[in-house]
Amino acid sequence: MSSPFARLIVPALLPIVLILAWWYTSEGGSSIFFPPLSQIQERFQELWLFALVPEHVVPSLQSILWGLWISIVLGVGLGVLLGLNGYVATAVNPVLQFLRYLPAVALLPLAIQLIGIGQEMRVTIIVLGALWPILLNTIDGVRGISPGLIDVARSNRLRNFDWIFRVVIPSASPQIFAGIRASLAVSVILMFASELLGASRGIGYFILEAQRQFSLPEMWSGMILLGIIGYALNVVLMAIEYFALAWHRKARI
Amino acid sequence: MHVDSTLSSLPIAEDADRPVEIRIDGLQKTYKTERGSVEALSDINLEIRRREFVSLIGRSGCGKTTLLRIMAGLVAPTAGQVEVGGKSLWHNGTVDSSVIKRLGVVFQDANLFPWYSIEENIALPLKLRGVKKRERLERARELAGLVGLEKFLRSYPRELSGGMRQRAAIARALSDNPELLLMDEPFGALDALTREKMNLEIQRIALATEATVVFVTHDIEEAVFLGDRVVHLTPRPGRIKDIADVPLSRPRAMEVQTGQEFNTVVAELRASLNQEDDQ
Ligand SMILES: Nc1ncnc2c1ncn2[C@@H]1O[C@H](COP(=O)(O)OP(=O)(O)OP(=O)(O)O)[C@@H](O)[C@H]1O
Ligand SMILES: [Mg+2]
(Lines give C-alpha, C1' and ligand atoms only; values in the text may rest on other atoms or scores of the structure.)
(Ligands and ions follow the chains in the order given, each with its own letter.)
Protein backbone atom coordinates (compact mmCIF):
# COMPACT_ATOMS: atom_id res chain seq x y z
CA MET A 1 0.00 0.00 0.00
CA SER A 2 2.95 2.31 0.29
CA SER A 3 3.76 2.96 -3.39
CA PRO A 4 2.21 6.16 -4.79
CA PHE A 5 0.68 4.06 -7.55
CA ALA A 6 -1.20 1.94 -5.06
CA ARG A 7 -2.27 4.95 -3.04
CA LEU A 8 -3.84 6.64 -6.08
CA ILE A 9 -5.30 3.60 -7.81
CA VAL A 10 -6.77 1.66 -4.91
CA PRO A 11 -9.14 4.37 -3.64
CA ALA A 12 -10.28 5.09 -7.24
CA LEU A 13 -11.30 1.50 -8.01
CA LEU A 14 -14.61 1.26 -6.20
CA PRO A 15 -15.99 4.60 -7.46
CA ILE A 16 -15.14 3.62 -11.04
CA VAL A 17 -16.84 0.25 -10.66
CA LEU A 18 -19.94 1.86 -9.13
CA ILE A 19 -20.19 4.47 -11.89
CA LEU A 20 -19.82 1.81 -14.59
CA ALA A 21 -22.45 -0.36 -12.93
CA TRP A 22 -24.83 2.58 -12.71
CA TRP A 23 -24.13 3.51 -16.34
CA TYR A 24 -24.93 0.07 -17.74
CA THR A 25 -27.89 -0.82 -15.52
CA SER A 26 -29.62 2.51 -16.10
CA GLU A 27 -29.09 2.43 -19.87
CA GLY A 28 -32.40 1.71 -21.62
CA GLY A 29 -34.13 1.33 -18.27
CA SER A 30 -37.87 1.91 -18.17
CA SER A 31 -38.27 3.72 -14.83
CA ILE A 32 -38.68 7.46 -15.23
CA PHE A 33 -37.33 7.93 -11.70
CA PHE A 34 -34.00 6.48 -12.71
CA PRO A 35 -33.10 8.03 -16.05
CA PRO A 36 -30.03 6.70 -17.88
CA LEU A 37 -26.78 8.00 -16.48
CA SER A 38 -25.73 9.05 -19.97
CA GLN A 39 -28.71 11.40 -20.08
CA ILE A 40 -27.95 12.77 -16.60
CA GLN A 41 -24.40 13.36 -17.65
CA GLU A 42 -25.49 15.27 -20.78
CA ARG A 43 -27.79 17.45 -18.71
CA PHE A 44 -25.04 17.94 -16.14
CA GLN A 45 -22.72 19.30 -18.79
CA GLU A 46 -25.35 21.63 -20.18
CA LEU A 47 -26.36 22.99 -16.82
CA TRP A 48 -23.34 22.94 -14.60
CA LEU A 49 -20.42 23.50 -17.01
CA PHE A 50 -21.00 26.34 -16.38
CA ALA A 51 -24.29 27.86 -17.50
CA LEU A 52 -26.13 27.86 -14.16
CA VAL A 53 -23.10 28.13 -11.92
CA PRO A 54 -23.48 31.87 -11.22
CA GLU A 55 -27.19 31.54 -10.56
CA HIS A 56 -27.30 28.44 -8.35
CA VAL A 57 -23.84 27.25 -7.34
CA VAL A 58 -22.34 30.57 -6.29
CA PRO A 59 -25.08 31.44 -3.76
CA SER A 60 -24.94 27.96 -2.25
CA LEU A 61 -21.18 28.05 -1.91
CA GLN A 62 -21.36 31.54 -0.43
CA SER A 63 -23.81 30.36 2.22
CA ILE A 64 -21.62 27.42 3.17
CA LEU A 65 -18.38 29.35 3.26
CA TRP A 66 -19.81 32.27 5.22
CA GLY A 67 -21.59 29.93 7.60
CA LEU A 68 -18.50 27.83 8.13
CA TRP A 69 -16.22 30.83 8.52
CA ILE A 70 -18.45 32.49 11.10
CA SER A 71 -18.75 29.16 12.93
CA ILE A 72 -14.96 28.78 13.00
CA VAL A 73 -14.35 32.30 14.30
CA LEU A 74 -17.11 32.07 16.91
CA GLY A 75 -16.44 28.44 17.81
CA VAL A 76 -12.69 28.82 18.26
CA GLY A 77 -13.00 32.19 20.00
CA LEU A 78 -15.66 31.09 22.47
CA GLY A 79 -14.07 27.65 22.79
CA VAL A 80 -10.75 29.15 23.89
CA LEU A 81 -12.48 31.44 26.38
CA LEU A 82 -14.56 28.63 27.85
CA GLY A 83 -11.75 26.06 27.73
CA LEU A 84 -9.47 28.36 29.71
CA ASN A 85 -12.15 29.06 32.32
CA GLY A 86 -13.03 25.62 33.65
CA TYR A 87 -15.84 26.82 35.93
CA VAL A 88 -17.62 28.77 33.21
CA ALA A 89 -17.29 25.81 30.85
CA THR A 90 -18.83 23.50 33.45
CA ALA A 91 -21.62 26.00 34.04
CA VAL A 92 -22.60 26.41 30.39
CA ASN A 93 -22.00 22.80 29.38
CA PRO A 94 -25.62 21.56 29.84
CA VAL A 95 -26.91 24.43 27.71
CA LEU A 96 -24.30 23.72 25.03
CA GLN A 97 -25.21 20.04 24.95
CA PHE A 98 -28.89 20.92 24.63
CA LEU A 99 -28.31 23.35 21.78
CA ARG A 100 -26.04 20.88 20.10
CA TYR A 101 -28.73 18.20 19.92
CA LEU A 102 -31.47 20.62 18.96
CA PRO A 103 -31.51 20.12 15.18
CA ALA A 104 -30.84 23.41 13.45
CA VAL A 105 -33.40 22.56 10.76
CA ALA A 106 -36.05 22.75 13.47
CA LEU A 107 -35.24 26.43 13.73
CA LEU A 108 -35.83 27.05 10.04
CA PRO A 109 -39.48 28.14 10.33
CA LEU A 110 -38.61 30.54 13.12
CA ALA A 111 -35.58 31.87 11.24
CA ILE A 112 -37.70 32.50 8.15
CA GLN A 113 -40.23 34.37 10.28
CA LEU A 114 -37.58 36.49 11.93
CA ILE A 115 -35.03 37.05 9.18
CA GLY A 116 -36.91 36.33 5.98
CA ILE A 117 -35.69 34.13 3.16
CA GLY A 118 -32.53 36.00 2.25
CA GLN A 119 -28.99 34.71 2.40
CA GLU A 120 -28.65 36.04 5.98
CA MET A 121 -31.24 33.49 7.06
CA ARG A 122 -29.41 30.62 5.38
CA VAL A 123 -26.05 31.64 6.82
CA THR A 124 -27.66 31.97 10.25
CA ILE A 125 -29.13 28.47 10.04
CA ILE A 126 -25.78 27.03 8.97
CA VAL A 127 -24.02 28.76 11.88
CA LEU A 128 -26.66 27.47 14.31
CA GLY A 129 -25.80 23.93 13.27
CA ALA A 130 -22.10 24.13 12.45
CA LEU A 131 -21.02 26.08 15.51
CA TRP A 132 -21.39 23.26 18.04
CA PRO A 133 -18.92 20.67 16.78
CA ILE A 134 -16.22 23.34 16.49
CA LEU A 135 -17.05 24.93 19.84
CA LEU A 136 -17.20 21.68 21.80
CA ASN A 137 -14.05 20.30 20.18
CA THR A 138 -12.17 23.52 20.85
CA ILE A 139 -13.17 23.45 24.52
CA ASP A 140 -11.98 19.85 24.80
CA GLY A 141 -8.73 20.60 22.97
CA VAL A 142 -7.98 23.64 25.12
CA ARG A 143 -8.65 21.74 28.33
CA GLY A 144 -6.33 18.97 27.17
CA ILE A 145 -3.14 21.04 26.91
CA SER A 146 -0.28 19.08 28.43
CA PRO A 147 0.53 20.38 31.96
CA GLY A 148 4.23 20.22 31.06
CA LEU A 149 3.74 22.70 28.24
CA ILE A 150 1.79 24.98 30.56
CA ASP A 151 4.80 24.92 32.91
CA VAL A 152 7.17 25.86 30.09
CA ALA A 153 4.85 28.62 28.94
CA ARG A 154 4.56 30.03 32.45
CA SER A 155 8.26 29.84 33.24
CA ASN A 156 8.89 31.70 30.00
CA ARG A 157 6.20 34.21 30.96
CA LEU A 158 4.06 33.64 27.92
CA ARG A 159 1.01 35.83 28.27
CA ASN A 160 -2.18 36.83 26.49
CA PHE A 161 -1.57 36.89 22.77
CA ASP A 162 1.53 34.65 22.80
CA TRP A 163 -0.05 32.22 25.20
CA ILE A 164 -3.24 31.88 23.17
CA PHE A 165 -1.79 31.91 19.68
CA ARG A 166 1.49 30.08 20.23
CA VAL A 167 0.38 27.47 22.74
CA VAL A 168 -3.36 27.15 23.32
CA ILE A 169 -4.61 27.16 19.73
CA PRO A 170 -1.78 25.07 18.21
CA SER A 171 -2.20 22.56 21.01
CA ALA A 172 -5.94 22.31 20.42
CA SER A 173 -5.68 22.45 16.62
CA PRO A 174 -5.96 18.70 15.90
CA GLN A 175 -9.27 18.69 17.77
CA ILE A 176 -10.36 21.98 16.21
CA PHE A 177 -9.84 20.53 12.75
CA ALA A 178 -11.83 17.44 13.66
CA GLY A 179 -14.62 19.80 14.71
CA ILE A 180 -14.42 21.76 11.46
CA ARG A 181 -14.70 18.57 9.43
CA ALA A 182 -17.84 17.58 11.30
CA SER A 183 -19.19 21.12 10.84
CA LEU A 184 -18.58 21.02 7.11
CA ALA A 185 -20.87 18.01 6.74
CA VAL A 186 -23.51 19.80 8.82
CA SER A 187 -23.10 22.96 6.72
CA VAL A 188 -23.80 21.16 3.46
CA ILE A 189 -26.96 19.59 4.90
CA LEU A 190 -28.21 22.89 6.29
CA MET A 191 -27.39 24.77 3.12
CA PHE A 192 -29.54 22.31 1.22
CA ALA A 193 -32.39 22.28 3.73
CA SER A 194 -32.54 26.06 4.02
CA GLU A 195 -32.67 26.40 0.23
CA LEU A 196 -35.58 23.98 0.03
CA LEU A 197 -37.65 26.16 2.31
CA GLY A 198 -36.49 29.65 1.80
CA ALA A 199 -34.72 30.52 -1.42
CA SER A 200 -35.22 31.36 -5.06
CA ARG A 201 -31.69 30.44 -6.05
CA GLY A 202 -29.20 27.79 -5.03
CA ILE A 203 -28.73 24.09 -5.65
CA GLY A 204 -31.37 23.04 -3.13
CA TYR A 205 -33.91 25.32 -4.78
CA PHE A 206 -32.89 24.00 -8.21
CA ILE A 207 -33.35 20.36 -7.22
CA LEU A 208 -36.75 21.07 -5.67
CA GLU A 209 -37.88 22.97 -8.77
CA ALA A 210 -36.67 20.21 -11.08
CA GLN A 211 -38.63 17.69 -9.05
CA ARG A 212 -41.78 19.84 -9.16
CA GLN A 213 -41.51 20.11 -12.92
CA PHE A 214 -40.80 16.42 -13.20
CA SER A 215 -37.44 17.08 -14.90
CA LEU A 216 -35.79 14.04 -13.41
CA PRO A 217 -32.45 14.11 -15.27
CA GLU A 218 -32.05 17.71 -14.09
CA MET A 219 -32.90 16.72 -10.56
CA TRP A 220 -30.35 13.92 -10.65
CA SER A 221 -27.69 16.24 -12.06
CA GLY A 222 -28.32 18.61 -9.16
CA MET A 223 -27.98 15.82 -6.62
CA ILE A 224 -24.73 14.68 -8.17
CA LEU A 225 -23.46 18.24 -8.17
CA LEU A 226 -24.28 18.53 -4.48
CA GLY A 227 -22.28 15.38 -3.76
CA ILE A 228 -19.36 16.64 -5.79
CA ILE A 229 -19.36 20.00 -4.00
CA GLY A 230 -19.43 18.36 -0.56
CA TYR A 231 -16.62 16.05 -1.55
CA ALA A 232 -14.53 18.87 -3.03
CA LEU A 233 -14.95 21.04 0.07
CA ASN A 234 -13.79 18.15 2.21
CA VAL A 235 -10.73 17.64 -0.01
CA VAL A 236 -9.84 21.32 0.33
CA LEU A 237 -10.24 21.13 4.10
CA MET A 238 -8.12 17.98 4.33
CA ALA A 239 -5.41 19.70 2.28
CA ILE A 240 -5.39 22.68 4.65
CA GLU A 241 -5.27 20.33 7.60
CA TYR A 242 -2.49 18.32 6.00
CA PHE A 243 -0.23 21.36 5.91
CA ALA A 244 -1.39 23.05 9.09
CA LEU A 245 -0.94 19.90 11.14
CA ALA A 246 2.30 18.68 9.55
CA TRP A 247 3.85 18.49 13.03
CA HIS A 248 1.00 16.35 14.27
CA ARG A 249 1.19 13.97 11.32
CA LYS A 250 4.89 13.50 11.87
CA ALA A 251 4.16 12.80 15.46
CA ARG A 252 1.78 9.98 14.65
CA ILE A 253 3.80 8.07 12.06
CA MET B 1 20.24 21.66 60.17
CA HIS B 2 23.44 19.72 60.40
CA VAL B 3 26.38 21.13 58.50
CA ASP B 4 29.45 18.99 58.22
CA SER B 5 32.13 20.74 60.20
CA THR B 6 35.27 19.57 58.40
CA LEU B 7 33.90 20.59 55.03
CA SER B 8 32.32 23.89 55.98
CA SER B 9 35.64 24.96 57.49
CA LEU B 10 37.07 24.94 53.99
CA PRO B 11 35.08 27.59 52.13
CA ILE B 12 36.39 28.78 48.80
CA ALA B 13 37.66 32.27 49.44
CA GLU B 14 35.85 34.13 46.65
CA ASP B 15 32.54 32.44 47.38
CA ALA B 16 32.23 34.04 50.73
CA ASP B 17 32.45 37.53 49.19
CA ARG B 18 29.54 37.09 46.85
CA PRO B 19 26.23 38.54 47.97
CA VAL B 20 23.34 36.26 48.78
CA GLU B 21 21.14 36.06 45.71
CA ILE B 22 18.37 33.77 46.88
CA ARG B 23 17.11 33.44 50.41
CA ILE B 24 14.72 30.59 51.12
CA ASP B 25 13.08 31.20 54.44
CA GLY B 26 10.88 28.79 56.39
CA LEU B 27 9.52 27.36 53.18
CA GLN B 28 6.72 24.86 53.55
CA LYS B 29 4.50 23.16 51.01
CA THR B 30 1.49 20.94 51.66
CA TYR B 31 -0.39 19.48 48.71
CA LYS B 32 -4.08 19.01 49.28
CA THR B 33 -5.61 16.06 47.45
CA GLU B 34 -8.85 14.15 47.66
CA ARG B 35 -7.09 11.52 49.71
CA GLY B 36 -5.77 13.95 52.29
CA SER B 37 -2.78 16.22 52.36
CA VAL B 38 0.89 15.54 51.64
CA GLU B 39 3.53 17.62 53.34
CA ALA B 40 6.08 17.83 50.53
CA LEU B 41 8.37 20.42 52.11
CA SER B 42 8.78 21.42 55.73
CA ASP B 43 10.81 24.35 57.04
CA ILE B 44 13.34 24.70 54.25
CA ASN B 45 15.96 27.36 54.90
CA LEU B 46 18.73 27.97 52.40
CA GLU B 47 20.85 30.85 51.20
CA ILE B 48 22.29 30.75 47.73
CA ARG B 49 24.99 33.21 46.71
CA ARG B 50 25.20 34.88 43.34
CA ARG B 51 26.79 32.60 40.72
CA GLU B 52 26.72 29.69 43.09
CA PHE B 53 26.06 26.19 41.78
CA VAL B 54 23.90 24.24 44.23
CA SER B 55 23.23 20.54 43.69
CA LEU B 56 20.14 19.02 45.22
CA ILE B 57 19.97 15.30 45.99
CA GLY B 58 17.56 13.07 47.81
CA ARG B 59 15.32 10.04 47.45
CA SER B 60 12.49 9.98 44.97
CA GLY B 61 9.51 11.87 46.34
CA CYS B 62 11.44 13.97 48.85
CA GLY B 63 10.32 17.28 47.36
CA LYS B 64 13.12 18.29 45.00
CA THR B 65 10.81 19.09 42.12
CA THR B 66 8.45 20.90 44.48
CA LEU B 67 11.24 23.13 45.73
CA LEU B 68 12.33 23.91 42.19
CA ARG B 69 8.78 24.66 41.08
CA ILE B 70 8.30 27.10 43.94
CA MET B 71 11.55 28.84 42.99
CA ALA B 72 10.43 28.93 39.34
CA GLY B 73 7.19 30.63 40.32
CA LEU B 74 5.05 27.73 39.18
CA VAL B 75 3.53 26.58 42.45
CA ALA B 76 2.84 28.68 45.52
CA PRO B 77 4.35 27.74 48.88
CA THR B 78 1.98 27.06 51.78
CA ALA B 79 4.19 29.12 54.07
CA GLY B 80 7.55 30.82 53.96
CA GLN B 81 9.19 32.95 51.33
CA VAL B 82 11.67 32.90 48.49
CA GLU B 83 13.57 36.16 48.21
CA VAL B 84 15.51 36.90 45.06
CA GLY B 85 17.85 39.87 45.19
CA GLY B 86 16.12 40.98 48.40
CA LYS B 87 12.63 40.98 46.86
CA SER B 88 9.87 38.52 47.66
CA LEU B 89 8.91 36.17 44.87
CA TRP B 90 5.56 35.19 46.39
CA HIS B 91 2.80 37.46 47.65
CA ASN B 92 -0.15 35.55 49.12
CA GLY B 93 0.01 32.82 46.55
CA THR B 94 0.60 35.02 43.53
CA VAL B 95 4.00 35.25 41.94
CA ASP B 96 5.86 38.44 41.16
CA SER B 97 7.76 37.27 38.12
CA SER B 98 9.57 40.58 37.72
CA VAL B 99 11.75 39.49 40.66
CA ILE B 100 13.68 37.06 38.44
CA LYS B 101 14.66 38.91 35.30
CA ARG B 102 15.87 36.03 33.16
CA LEU B 103 14.86 32.56 34.25
CA GLY B 104 15.81 29.27 32.62
CA VAL B 105 14.11 26.05 33.66
CA VAL B 106 14.83 22.50 32.51
CA PHE B 107 12.09 20.13 33.62
CA GLN B 108 12.26 16.41 34.27
CA ASP B 109 10.49 15.93 30.90
CA ALA B 110 11.70 17.83 27.85
CA ASN B 111 8.30 19.51 27.26
CA LEU B 112 9.13 20.82 23.80
CA PHE B 113 6.34 22.39 21.78
CA PRO B 114 5.54 19.67 19.21
CA TRP B 115 4.34 22.21 16.61
CA TYR B 116 7.69 24.03 16.58
CA SER B 117 10.90 22.76 15.00
CA ILE B 118 13.89 22.19 17.28
CA GLU B 119 15.30 25.51 16.10
CA GLU B 120 12.11 27.38 16.96
CA ASN B 121 11.84 25.61 20.29
CA ILE B 122 15.36 26.60 21.27
CA ALA B 123 14.83 30.19 20.18
CA LEU B 124 11.39 30.57 21.79
CA PRO B 125 12.52 32.55 24.86
CA LEU B 126 14.33 34.97 22.54
CA LYS B 127 11.28 35.31 20.29
CA LEU B 128 9.17 36.23 23.30
CA ARG B 129 11.68 38.91 24.23
CA GLY B 130 11.50 40.34 20.71
CA VAL B 131 14.98 39.38 19.50
CA LYS B 132 15.24 39.64 15.70
CA LYS B 133 14.83 36.48 13.68
CA ARG B 134 18.34 36.36 12.24
CA GLU B 135 19.95 36.83 15.62
CA ARG B 136 17.60 34.31 17.16
CA LEU B 137 18.34 31.57 14.67
CA GLU B 138 22.05 32.22 14.89
CA ARG B 139 21.87 31.74 18.64
CA ALA B 140 19.73 28.61 18.20
CA ARG B 141 22.35 27.14 15.87
CA GLU B 142 25.13 27.94 18.31
CA LEU B 143 23.25 26.31 21.20
CA ALA B 144 22.26 23.30 19.11
CA GLY B 145 25.95 22.81 18.37
CA LEU B 146 26.67 22.96 22.07
CA VAL B 147 24.25 20.13 22.82
CA GLY B 148 25.10 18.17 19.67
CA LEU B 149 21.89 18.81 17.74
CA GLU B 150 23.18 20.93 14.87
CA LYS B 151 21.93 18.39 12.33
CA PHE B 152 18.41 18.42 13.76
CA LEU B 153 17.56 22.12 13.74
CA ARG B 154 14.72 21.65 11.26
CA SER B 155 13.41 18.42 12.81
CA TYR B 156 10.30 18.25 14.95
CA PRO B 157 10.49 17.08 18.59
CA ARG B 158 8.83 13.71 18.06
CA GLU B 159 11.39 12.81 15.42
CA LEU B 160 14.07 12.91 18.12
CA SER B 161 14.99 10.43 20.82
CA GLY B 162 14.23 11.17 24.45
CA GLY B 163 17.82 12.19 25.23
CA MET B 164 17.98 14.43 22.17
CA ARG B 165 14.77 16.16 23.19
CA GLN B 166 16.14 16.68 26.66
CA ARG B 167 19.27 18.28 25.19
CA ALA B 168 17.07 20.58 23.10
CA ALA B 169 15.22 21.55 26.28
CA ILE B 170 18.56 22.39 27.93
CA ALA B 171 19.51 24.54 24.93
CA ARG B 172 16.16 26.33 25.18
CA ALA B 173 16.69 27.06 28.88
CA LEU B 174 20.12 28.53 28.11
CA SER B 175 19.12 30.60 25.10
CA ASP B 176 18.26 33.79 26.95
CA ASN B 177 21.38 33.71 29.16
CA PRO B 178 19.42 33.09 32.36
CA GLU B 179 20.63 34.68 35.58
CA LEU B 180 18.88 31.87 37.44
CA LEU B 181 18.99 28.39 35.96
CA LEU B 182 16.84 25.68 37.55
CA MET B 183 17.45 22.14 36.34
CA ASP B 184 15.42 19.11 37.39
CA GLU B 185 17.34 15.90 36.64
CA PRO B 186 18.22 17.24 33.20
CA PHE B 187 20.56 14.39 32.31
CA GLY B 188 18.43 11.47 33.45
CA ALA B 189 17.75 10.40 29.86
CA LEU B 190 21.34 10.63 28.63
CA ASP B 191 23.95 7.91 28.20
CA ALA B 192 27.01 8.01 30.46
CA LEU B 193 29.37 9.55 27.89
CA THR B 194 26.99 12.26 26.76
CA ARG B 195 26.21 12.93 30.36
CA GLU B 196 29.88 13.45 31.17
CA LYS B 197 30.22 15.82 28.23
CA MET B 198 27.11 17.71 29.28
CA ASN B 199 28.45 18.00 32.83
CA LEU B 200 31.54 19.75 31.52
CA GLU B 201 29.41 21.96 29.29
CA ILE B 202 27.04 22.97 32.07
CA GLN B 203 29.98 23.89 34.26
CA ARG B 204 31.53 25.92 31.44
CA ILE B 205 28.23 27.65 30.67
CA ALA B 206 27.55 28.41 34.32
CA LEU B 207 30.98 29.99 34.67
CA ALA B 208 30.72 31.90 31.39
CA THR B 209 27.19 33.24 31.88
CA GLU B 210 27.65 33.83 35.60
CA ALA B 211 24.31 32.15 36.22
CA THR B 212 23.17 31.00 39.63
CA VAL B 213 22.25 27.32 39.26
CA VAL B 214 20.12 24.89 41.24
CA PHE B 215 20.62 21.41 39.88
CA VAL B 216 18.61 18.34 40.92
CA THR B 217 20.13 14.91 40.40
CA HIS B 218 20.01 11.38 41.78
CA ASP B 219 23.67 10.85 41.02
CA ILE B 220 25.96 11.67 43.96
CA GLU B 221 29.10 11.93 41.81
CA GLU B 222 27.39 14.28 39.42
CA ALA B 223 26.09 16.40 42.31
CA VAL B 224 29.58 16.72 43.77
CA PHE B 225 31.33 17.26 40.45
CA LEU B 226 29.04 20.15 39.53
CA GLY B 227 28.14 21.70 42.85
CA ASP B 228 29.78 24.31 45.03
CA ARG B 229 27.50 22.85 47.64
CA VAL B 230 25.37 19.73 47.72
CA VAL B 231 22.06 19.92 49.58
CA HIS B 232 20.65 16.63 50.82
CA LEU B 233 16.86 16.51 51.23
CA THR B 234 15.08 13.77 53.20
CA PRO B 235 11.48 12.76 52.54
CA ARG B 236 8.16 12.94 54.41
CA PRO B 237 8.24 15.74 55.07
CA GLY B 238 10.98 17.12 52.83
CA ARG B 239 13.67 18.68 54.99
CA ILE B 240 17.30 19.64 54.52
CA LYS B 241 19.30 16.97 56.29
CA ASP B 242 22.75 17.99 55.29
CA ILE B 243 24.67 20.54 53.23
CA ALA B 244 28.11 19.55 51.98
CA ASP B 245 30.65 22.06 50.67
CA VAL B 246 32.76 20.92 47.74
CA PRO B 247 36.25 22.40 48.18
CA LEU B 248 37.37 22.06 44.56
CA SER B 249 38.45 24.97 42.41
CA ARG B 250 36.96 25.66 38.99
CA PRO B 251 36.96 24.83 36.20
CA ARG B 252 37.00 21.21 37.27
CA ALA B 253 38.18 18.51 34.90
CA MET B 254 36.74 15.01 34.83
CA GLU B 255 39.92 13.83 36.58
CA VAL B 256 39.01 15.49 39.90
CA GLN B 257 36.71 12.52 40.36
CA THR B 258 39.70 10.32 41.12
CA GLY B 259 41.07 12.79 43.68
CA GLN B 260 40.83 12.39 47.42
CA GLU B 261 38.88 15.58 48.19
CA PHE B 262 36.20 14.65 45.72
CA ASN B 263 35.82 11.18 47.09
CA THR B 264 35.70 12.36 50.67
CA VAL B 265 32.64 14.48 49.90
CA VAL B 266 31.05 11.66 47.92
CA ALA B 267 31.59 9.28 50.84
CA GLU B 268 30.08 11.80 53.32
CA LEU B 269 26.98 12.15 51.22
CA ARG B 270 26.63 8.46 50.59
CA ALA B 271 26.84 7.83 54.32
CA SER B 272 24.24 10.53 54.89
CA LEU B 273 21.91 8.95 52.34
CA ASN B 274 22.40 5.47 53.78
CA GLN B 275 21.71 6.74 57.26
CA GLU B 276 18.24 7.67 55.96
CA ASP B 277 17.45 3.98 55.45
CA ASP B 278 18.34 3.10 59.01
CA GLN B 279 15.97 5.63 60.50
N1 LIG C 1 0.65 18.19 42.37
C2 LIG C 1 0.76 17.40 43.43
N3 LIG C 1 -0.33 17.05 44.14
C4 LIG C 1 -0.23 16.28 45.22
N5 LIG C 1 0.93 15.79 45.70
C6 LIG C 1 2.05 16.09 45.06
C7 LIG C 1 2.04 16.91 43.87
N8 LIG C 1 3.31 17.05 43.43
C9 LIG C 1 4.07 16.34 44.27
N10 LIG C 1 3.35 15.77 45.26
C11 LIG C 1 3.85 14.96 46.37
O12 LIG C 1 4.87 15.71 46.98
C13 LIG C 1 5.98 14.88 47.32
C14 LIG C 1 7.23 15.43 46.67
O15 LIG C 1 7.13 15.35 45.26
P16 LIG C 1 8.28 15.88 44.30
O17 LIG C 1 7.79 15.72 42.91
O18 LIG C 1 8.67 17.23 44.72
O19 LIG C 1 9.44 14.84 44.59
P20 LIG C 1 10.88 14.67 43.90
O21 LIG C 1 11.88 14.79 44.98
O22 LIG C 1 11.02 15.59 42.77
O23 LIG C 1 10.82 13.17 43.40
P24 LIG C 1 11.56 12.52 42.13
O25 LIG C 1 12.99 12.37 42.48
O26 LIG C 1 10.89 11.19 41.99
O27 LIG C 1 11.32 13.40 40.97
C28 LIG C 1 5.61 13.48 46.84
O29 LIG C 1 5.21 12.75 47.97
C30 LIG C 1 4.45 13.67 45.91
O31 LIG C 1 3.54 12.62 46.02
MG1 LIG D 1 11.21 15.30 40.74
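**View 1. A salt bridge links chain B and chain A.** In this predicted model, the count of salt bridges between the two chains comes to one. Its partners are Asp151(A) and Arg69(B), whose closest N and O atoms lie 2.5 Å apart. Across the interface of chain B and chain A you will also find nine residue pairs in polar contact, with both residues of a pair at pLDDT 80 or more.

**View 2. The side of chain B that touches chain A draws on a strand and a helix.** Strand E9 (103-106) and helix H4 (118-128) of chain B are the elements that give two or more residues to this side. Helix H4(B) gives the most, with four residues. Sorted by class, the residues on this side of chain B are 14 nonpolar, three polar and six charged.

**View 3. Chain B and chain A meet in a shared contact.** Here 23 residues come from chain B and 19 residues from chain A. Together the two chains bury about 2000 Å², and 62% of that area is on carbon and sulfur atoms.

**View 4. Within chain B, helix H6 packs with helix H7.** The helices cover residues 162-174 for H6(B) and residues 192-209 for H7(B), and they pack at an angle of about 0 degrees with their axes 13 Å apart. Because that angle is under 35 degrees, H6(B) counts as roughly parallel to H7(B). On the H6(B) side, look for Arg167(B), Ile170(B) and Leu174(B); they meet Thr194(B), Met198(B), Ile202(B) and Ile205(B) of H7(B). By class, this helix contact has five nonpolar residues, one polar and one charged.

Conventions
Residues are numbered from 1 along each chain as its sequence is written. Chains are lettered from A and ligands numbered from 1 in the order in which they are written. This is a predicted model: local features need pLDDT of at least 70, side-chain atom pairs count only at pLDDT 80 or more; totals for chains, interfaces and linings use all residues. Side-chain values use heavy atoms; hydrogens and water are left out. Contact means heavy atoms within 4.5 Å. Buried area is the accessible area (1.4 Å probe) that two parts lose on being put together, summed over both. A salt bridge is a side-chain nitrogen of Lys or Arg within 4 Å of a carboxyl oxygen of Asp or Glu. A polar contact is a pair of N or O atoms within 3.5 Å; within protein, one must be able to donate a hydrogen and the other to accept it, and residues adjacent in sequence count only if both atoms are side-chain atoms. Ala, Val, Leu, Ile, Met, Phe, Trp, Tyr, Cys and Pro count as nonpolar, Asp, Glu, Lys and Arg as charged, and the others, Gly among them, as polar. Axes are lines fitted to C-alpha atoms, for helices over the stretch in contact, and angles run from 0 to 180 degrees between N-to-C directions. Angles under 35 degrees count as roughly parallel, over 145 as roughly antiparallel, 65 to 115 as roughly perpendicular and the rest as oblique.
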